[in-house]
Protein chains: 2
Amino acid sequence: MSGERLLILAEGYSADTHYGKTMRGLLRYRREDVVAILDSERVGAEIDGVQVVGSVEAALAYAPTTALVGVATQGGRFPPAWRALLADCIRSGLNVENGLHEFLADDPELGPLAALHGVTLRDLRHPPAGLDCPTGENLRVPADIVLTVGSDCAIGKMTVSLELDREARSRGLASVFVPTGQTGIAIAGWGIAVDAVVSDFVAGAAERLVIEGHERGGELLLVEGQGAISHPAYSGVTLGLLHGSAPHVLVLCHRAGAVEVDGYPGQPVLPLAELVELYERVSLPARRATVACVALNTAELDDEAAAAAVARAEAETGLPAGDPVRFGAGTLLDALLARLG
Amino acid sequence: MSGERLLILAEGYSADTHYGKTMRGLLRYRREDVVAILDSERVGAEIDGVQVVGSVEAALAYAPTTALVGVATQGGRFPPAWRALLADCIRSGLNVENGLHEFLADDPELGPLAALHGVTLRDLRHPPAGLDCPTGENLRVPADIVLTVGSDCAIGKMTVSLELDREARSRGLASVFVPTGQTGIAIAGWGIAVDAVVSDFVAGAAERLVIEGHERGGELLLVEGQGAISHPAYSGVTLGLLHGSAPHVLVLCHRAGAVEVDGYPGQPVLPLAELVELYERVSLPARRATVACVALNTAELDDEAAAAAVARAEAETGLPAGDPVRFGAGTLLDALLARLG
């Protein structure tokens with residue numbers, strides 16, 4: 001869709017962690033633009049039909065135009081080996097897209113190097129200028145707004161929003177996916193990473209995104225959620241996004257079977273029924289949102305266990321549930337549309 | 001306490017708005033260091049016994065060492081007249097402290113000018129380096145942690161924390177006020193403005209603050225709250241601070257009689273009883289917090305109406321209530337200590 005030919009930089013990627021989230025998202029939702037993956041530990045393998053190479057030089061055979069940082073490094077910063085890799089990309093004439101908290105365009109070495117080679121460094125998390133508090137315009141956007149919320153982070157809220165958007169568009173609805181994180185931005189080509197915005201302006205950034213989603217033709221806006229209301233680190237982002245995007249309806253996302261917050265031993269994931277009530281209770285008083293359905297991530301289960309997990313979620317919440325990746329997004333979209341009326 | 005002699009820059013201050021919050025906070029809690037106030041529209045007046053002057057030159061008669069931006073300008077940025085005023089201060093050898101979102105130390109004109117004149121530009125909202133997510137250490141700080149929460153912003157949460165801290169210290173308790181905003185930092189001389197932190201790191205900044213509060217000798221930490229859980233703009237800051245500071249007990253702050261969020265026409269302030277329950281419900285699952293008492297701001301009422309408002313808040317919530325500024329902080333501190341056990 002963009003004319004770009006992407007080389008995904010996946011050095012140090014491990015399939016066991018969520019650190020390859022950006023790569024997986026691109027392979028699922030922007031596969032047509034991906035020409036190669038760089039990962040020196042898997043040279044010769046294929047991932048989703050894409051060739052893995054071991055160096056920038058080897059990648060050039062696939063004529064990439066842009067290298068995209070596909071993994072999160074420790075602490076969101078670039079260690080020396082990564083800096084050398086990025087410099088290689090720049091010297092080879094590739095633009096670089098980066099979703100980490102460390103910005104490349106500001107870098108005293110890589111910035112000038114990019115200028116010298118006439119390539120662009122695009123920091124996906126860099127906030128736009130002029131952000132401020134919400135104005136109240138979010139309540140006047142003439143569109144149905146749907147936000148994914150969750151029981152933890154990195155469990156598939158972006159995926160659920162994208163699957164619902166795809167299903168809605170396939171039915172001829174004027175649906176737009178509204179990206180709020182670096183991977184969503186890499187996939188859709190616009191958006192604001194709300195977790196990188198100064199905290200005073202998170203709701204204002206979310207307001208700006210729903211306004212832009214409508215300007216892009218959306219009568220149904222599927223806003224990518226972030227974090228979780230009960231998450232020990234990211235709850236502030238979650239609530240700012242919930243209030244600033246002012247959704248009418250919520251989709252509760254959950255990884256089937258999870259009982260502990262990832263990375264926070266001893267800190268519990270709340271029961272689904274409690275989360276449904278809590279999200280409704282903390283929604284903006286001027287526009288109360290209700291949870292229409294539950295989207296489960298059952299990737300780690302077999303078909304039988306997945307179906308049982310869906311049935312259990314329905315029993316626990318009294319709401320329609322499903323895994324849109326495994327079973328399709330139709331049931332969940334039906335539930336949304338019924339709630340929107 | 002600091003050896004500094006403060007000139008408060010209050011140009012454009014209006015007593016009717018909350019934009020003079022920093023000036024009022026300094027006059028109440030750091031009065032001994034304030035030597036003059038600059039406001040060209042009130043030359044010759046006194047505010048709390050401090051002389052108002054019309055220019056930096058006139059202020060020099062009071063031998064200030066530091067000029068402090070005491071008001072919030074529109075959008076948190078400095079218009080041309082303010083930039084000229086700040087340049088005057090710098091050329092007169094004054095350090096400058098600034099709590100707005102626009103940072104002076106980064107300014108291409110004022111930064112070098114300050115270096116030339118050997119003065120310091122201190123941006124109170126500038127986040128410290130190396131912020132990250134919470135580690136879980138917040139749950140292991142060996143201190144009683146109390147956070148003020150509220151029904152709106154700019155209603156006196158900082159004041160309530162400071163009054164409780166003063167009362168606790170007067171009783172011989174090892175209490176420390178933990179500043180989370182620019183005025184609190186200007187008063188106490190340390191802290192992090194959590195509203196200026198990248199939103200991913202608000203909870204991590206709050207964790208760092210309670211750790212530091214304990215390192216500064218606090219066995220009772222009175223953490224300055226921010227925003228409100230139901231505020232259309234600032235709720236994300238509120239929840240990140242609530243989860244990151246991991247309080248045991250909350251004090252609910254409210255401006256008596258307020259029914260609408262300041263600056264957001266038509267957006268309601270929630271009833272006190274609902275706020276009590278909501279704050280308890282959204283507190284960190286790994287450490288549930290309870291509201292111990294209600295602190296009312298009755299500044300706009302007469303004594304009789306204030307007493308009636310306190311009685312009404314007690315009836316609505318079933319909790320002890322009071323206005324610590326008008327009636328003293330003793331009752332509220334008693335309620336806190338009883339809850340902490």
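**Exercise 1. A glutamine in a loop**

Task: In this predicted model, find where B:Gln267 lies, decide whether B:Gln267 is buried or exposed, and list the residues in contact with B:Gln267.

Solution:
- Start with the place: B:Gln267 sits in the loop of chain B between β11 and α9 (272–282).
- Next, look at the accessibility. The relative accessible area of B:Gln267 is 7%. Buried means under 20%, so B:Gln267 is buried.
- Finally, collect the contacts, leaving aside neighbours within four places in sequence. From chain A come A:Leu139, A:Leu284 and A:Ala286, and from chain B come B:Pro232, B:Val259, B:Glu260 and B:Val261.

**Exercise 2. The helix after that loop**

Task: Which residues of α9(B) are buried, and which elements do the buried residues of α9(B) pack against?

Solution:
- The buried residues of α9(B) are B:Leu272, B:Leu275, B:Val276, B:Leu278, B:Tyr279, B:Arg281 and B:Val282.
- Here is a handy idea for reading such a list: an α-helix has 3.6 residues a turn, so residues three or four places apart point the same way.
- Now turn to the partners. In chain A, the buried residues of α9(B) pack against α9 (272–282). In chain B, they pack against β8 (144–150), α8, β11, β12 (290–297) and α10 (303–317).

**Exercise 3. Two helices that cross**

Task: At what angle do the axes of α7(B) and α8(B) cross, and which residues meet there?

Solution:
- Helix α7 of chain B covers residues 202–215, and helix α8 of chain B covers residues 235–245. Their axes come within 7 Å and cross at roughly 45 degrees.
- α7(B) and α8(B) are therefore oblique to each other, and their crossing is right-handed.
- On the α7(B) side, the contact is made by B:Val202, B:Ala203, B:Ala206, B:Glu207 and B:Val210. On the α8(B) side, B:Val237, B:Gly240, B:Leu241, B:Gly244 and B:Ser245 take part.
- Sorted by class, the residues of this contact of α7(B) with α8(B) are six nonpolar, three polar and one charged.

**Exercise 4. A second helix pair in chain B**

Task: How are α5(B) and α12(B) oriented to each other, and which residues meet?

Solution:
- The axes of α5 (residues 157–170) and α12 (residues 330–340) of chain B come within 9 Å and cross at roughly 80 degrees.
- An angle of 65 to 115 degrees counts as roughly perpendicular, so that is how α5(B) and α12(B) are described.
- B:Leu164, B:Glu167 and B:Ala168 in α5(B) touch B:Gly330, B:Leu332, B:Leu333 and B:Leu336 in α12(B).
- The contact of α5(B) with α12(B) has five nonpolar residues, one polar and one charged.

**Exercise 5. A helix pair in chain A**

Task: What is the angle between α1(A) and α5(A), and what classes of residue make up their contact?

Solution:
- Helix α1 (residues 21–29) and helix α5 (residues 157–170) of chain A pack at about 10 degrees, with their axes 12 Å apart.
- α1(A) and α5(A) are therefore roughly parallel to each other.
- A:Gly25, A:Arg28 and A:Tyr29 in α1(A) meet A:Met158, A:Thr159, A:Leu162, A:Glu163 and A:Arg166 in α5(A).
- The contact of α1(A) with α5(A) divides into three nonpolar, two polar and three charged residues.

**Exercise 6. Pairs of rings**

Task: How many aromatic pairs are there over all chains, and why is the pair of A:Phe78 and A:Trp82 called tilted?

Solution:
- Rings pair if their centres lie within 6.5 Å. By this rule, the count is two aromatic pairs over all chains.
- In chain A, the ring centres of A:Phe78 and A:Trp82 are 5.9 Å apart and their planes stand at 45 degrees, so the pair is tilted. Both A:Phe78 and A:Trp82 are buried.
- In chain B, the rings of B:Phe78 and B:Trp82 have centres 5.9 Å apart and planes at 45 degrees, so this pair is tilted too. Both B:Phe78 and B:Trp82 are buried.

**Exercise 7. Three alanines**

Task: Where do A:Ala246, B:Ala246 and A:Ala295 lie, and are they buried or exposed?

Solution:
- A:Ala246 is in the loop between α8 (235–245) and β11 (249–255) of chain A. Its phi is near 50 degrees, a positive value in a residue other than glycine. With 1% relative accessibility, A:Ala246 is buried.
- B:Ala246 is in the loop between α8 and β11 of chain B. Phi of B:Ala246 is also positive, near 50 degrees, and B:Ala246 is buried at 1%.
- A:Ala295 belongs to strand β12 (residues 290–297) of chain A and is buried, at 2% relative accessibility. Among the residues it touches are A:Val160, A:Cys253 and A:Leu332.

Notes. Residues numbered from 1 in each chain as written. Chains lettered and ligands numbered in written order. Predicted model: local features only at pLDDT ≥ 70, side-chain atom pairs only at ≥ 80, totals over all residues. Heavy atoms only, no water. Phe/Tyr/Trp six-rings, centres within 6.5 Å; stacked < 30°, edge-to-face > 60°. Buried < 20%, exposed > 50% of the residue type's maximum accessible area, 1.4 Å probe, protein only. Axes fitted to C-alpha atoms, helices over the stretch in contact; angles between N-to-C directions. Helix = DSSP H or I, 4+ residues; strand = E, 2+ residues; numbered from the N terminus. Parallel < 35°, antiparallel > 145°, perpendicular 65-115°, else oblique. Left-handed = near helix turned anticlockwise from the far one by under 90°. Contact = heavy atoms within 4.5 Å. Nonpolar A, V, L, I, M, F, W, Y, C, P; charged D, E, K, R; others polar.
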